[in-house]
Amino acid sequence: MRYLSFLILLWFTATAIGQTTSNVDFRQEGDNVLVSYKLSAQADIALLISIDGGIWQPLESVTGDVGKAIKPGLRKIVWDVFEDYPDGIHADVEFIVAPNLSTPSIGQIPENLNASSPIISNYKAYWAKKSDYSSRYAGDVRRGTFASATDRWSFTLNVYCYDFLKKESSVVYTKSYSGTSMRKKPFGEYRSYFRDEPQPACNLSINDNGQICIDKSPITR
């Protein structure tokens, strides 16, 4: 028997309109993980995994009470770990048994979170907010006939995540920014004499690998 070298951190219950999964439990049996759960009403069932807090991914190598039109009651799923992960999983994992899984929409984010321009990836929504912004006069710079006042600015950027499956929100990334900018931009022969640090745009995007990025730099796995 091959060794399953991962730590199962949490099992989550999930709800959809009229359907609930509860009493979720697991045990290892050979190369398989056996999942048991209780379903309140007939529903389509999916088993999903998140590795080290990453994206939710539906598992493919599953049999038993999973898929279309599963009847209510006590149910079981068998997951063949090495069919999906031939090298095993050397990480922490989370699972969820989800009824009637569907593509989430921005309208499903709770209004009290005040999500600003969120982007959605794999059952999670992400958005960025600036806080503790300040800007103050930092003196003049001069070079020959060129002169400009400067401002010292700083702010903290927080990236928030709302998990549609767990129905939880959290801060997944925090970074402080600061710099000095000139009110009048240098020109001509003076352009190389003065250091100007424009404030970063802090735009969120998703790259080809499905990673969330700030100004094209990945912040998630």
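Lys68 is exposed in this predicted model, because its relative accessibility of 68% is over 50%. Its side chain meets that of Asp44 in a salt bridge, with 3.7 Å from N to O. Asp44 sits in strand E5 (residues 43–51) and Lys68 in strand E8 (residues 67–70), so this pair joins parts of the chain that are 24 residues apart in sequence. Asp44 itself is partly exposed, at 27% relative accessibility.

How many salt bridges does the structure hold? There are five, and three of them are set out here, including the pair just described.

| Acidic residue | Basic residue | N to O distance |
|---|---|---|
| Asp44 | Lys68 | 3.7 Å |
| Glu94 | Lys166 | 3.9 Å |
| Asp151 | Arg183 | 2.8 Å |

Let's turn to Glu94 and its partner. Glu94 forms a salt bridge with Lys166, and the two are 72 residues apart. Glu94 belongs to strand E10 (residues 92–99), while Lys166 is in the loop between strand E13 (146–163) and strand E14 (168–182). Glu94 is buried, since its relative accessible area of 13% is under 20%. This pair also has company: Glu94, Lys166 and Glu168 are linked in a network of salt bridges.

Next comes Asp151, whose side chain meets that of Arg183 in a salt bridge. Asp151 lies in strand E13 and Arg183 in the loop between E14 and strand E15 (204–206), so the contact ties together parts 32 residues apart in sequence. Is each partner buried or exposed? Asp151 counts as buried at 14% relative accessibility, whereas Arg183 counts as exposed at 53%.

Technical notes: Residues numbered from 1 in each chain as written. Predicted model: local features only at pLDDT ≥ 70, side-chain atom pairs only at ≥ 80, totals over all residues. Heavy atoms only, no water. Salt bridge = Lys/Arg side-chain N within 4 Å of Asp/Glu carboxyl O. Helix = DSSP H or I, 4+ residues; strand = E, 2+ residues; numbered from the N terminus. Buried < 20%, exposed > 50% of the residue type's maximum accessible area, 1.4 Å probe, protein only.
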